[in-house]
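Reader: Please show the model, and then let us discuss it in turn.

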Amino acid sequence: MRTLTSRVRAGVLLIGLGTTLAACRGGLPVLSADPPPTTSTSYSAPPVQTHTLTVTPPAPPSTSARGLEPAAIDRVFQVYMNGLANHDMTALRSGTCPRLRETLLGFELHGHYVERWQMLPYSVPPGYEFVTVQATVTQRNARTGKLAGDVVYSWYVERNEDTNYYVCGWLDYK
């Protein structure tokens, strides 16, 4: 009989681990690894104890959930963008989602300040809790103070579980 290589042993270990994890997720019985009793001189199979693990799938999203409200999206985006343009950290933080507030360092976007901005038209897809919005931003170079032209930036605006709206991600620019 050939000895198993380390690669084959690792594969067998991964297959066994995958089978056990699949059993845990699927609610199948998982065998207990209790040591066999040592009082008998002849071999007998150890008693098998089974435990059934059941994973409850998450509830499907409610079909009656109301869609995103464009007026609320416009309102929070205005607070956020005016915070950038006016260098108002209080406004910028209030428009930014809580999980990103600690990452706010200042008012620059790629080394430029927001001189003025105009939100572009967007659509709200049904059933989503976020939407991508864009704005044309007139930039001012943060080092020289000179106007640096217009650029289109994109952001996510989302509604959290408390139905509050926030800007939660600056995506890119064109």
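Reader: In which strand is H112 found?

Author: This is a predicted model, in which local features need pLDDT of at least 70, side-chain atom pairs count only at pLDDT 80 or more, and totals for chains, interfaces and linings use all residues. Residues are numbered from 1 along each chain as its sequence is written, and side-chain values use heavy atoms, with hydrogens and water left out. Helices (H or I, at least four residues) and strands (E, at least two) are DSSP runs, numbered from the N terminus. On that basis, H112 is found in strand β3.

Reader: Is H112 buried or exposed?

Author: Buried means under 20% relative accessible area, exposed over 50%, and partly exposed in between (1.4 Å probe, protein chains only). Because the relative accessibility of H112 is 17%, this residue counts as buried.

Reader: Which backbone atom lies 2.9 Å from a polar atom of the side chain of H112?

Author: A polar contact is a pair of N or O atoms within 3.5 Å; within protein, one must be able to donate a hydrogen and the other to accept it, and residues adjacent in sequence count only if both atoms are side-chain atoms. For the side chain of H112, the partner at 2.9 Å is the backbone oxygen of H110.

Reader: Where does H110 lie, and what is its phi?

Author: H110 lies in the loop between α3 (89–95) and β3. With a relative accessible area of 46%, H110 is partly exposed. Its phi is positive in a residue other than glycine, with a value near 55°.

Reader: Which residue in the loop between β5 and β6 has a positive phi although it is not a glycine?

Author: The residue lies in the loop between β5 and β6 and is partly exposed, with a relative accessible area of 40%. Its phi is about 65°, and the residue is T163.

Reader: Which backbone nitrogen does the side chain of N160 reach?

Author: N160 has its place in the loop between β5 (147–159) and β6 (165–173). At 18% relative accessibility, N160 counts as buried. Its side chain reaches, at 2.9 Å, the backbone nitrogen of D162.

Reader: How many helices and strands are there in the protein, and what pattern do they follow?

Author: The protein has three helices and six strands. Read along the sequence, they give the pattern α-β-β-α-α-β-β-β-β.

Reader: How far apart in space are D74 and V157?

Author: D74 has its place in helix α2 and is partly exposed, at a relative accessible area of 34%. In sequence, D74 and V157 are 83 residues apart; in space, C-alpha to C-alpha, the separation is 9.4 Å.

Reader: Which element gives the largest share of the largest nonpolar core?

Author: A nonpolar core is a set of buried Ala, Val, Leu, Ile, Met, Phe, Trp, Tyr and Cys residues joined through side-chain atoms within 4.5 Å. The largest one has 24 residues, of which I73, F77, M81, V133, V137, W155 and V157 touch the most other members. At least two residues of this core come from each of α2, β3 (112–119), β4 (130–141), β5 and β6. The largest share, seven residues, comes from α2.

Reader: How many aromatic pairs are there, and what is the geometry of Y128 and F130?

Author: Rings of Phe, Tyr and Trp (its six-membered ring) pair if their centres lie within 6.5 Å; planes under 30 degrees apart count as stacked, over 60 as edge-to-face and the rest as tilted. By this rule there are six aromatic pairs. Y128 and F130 stand 5.6 Å centre to centre with 85° between the planes, and this pair is edge-to-face.

Reader: Why is the pair of Y153 and W155 tilted?

Author: Y153 counts as buried at 1% relative accessibility, and W155 counts as buried at 0%. Their ring centres are 5.8 Å apart, and the pair is tilted because the planes lie at 55°.

Reader: Which element gives the most to the lining of the largest pocket?

Author: On a 1 Å grid over the protein atoms alone, a pocket is an open set of points where a 1.4 Å probe fits, with protein on both sides within 12 Å along at least five of seven lines; lining residues have an atom within 4 Å of a point. The largest pocket is lined by 16 residues, of which Y80, T103, L104, L105 and W170 lie nearest its centre. α2 (70–85) and β6 each supply at least two residues of this lining. The most, four residues, comes from β6.
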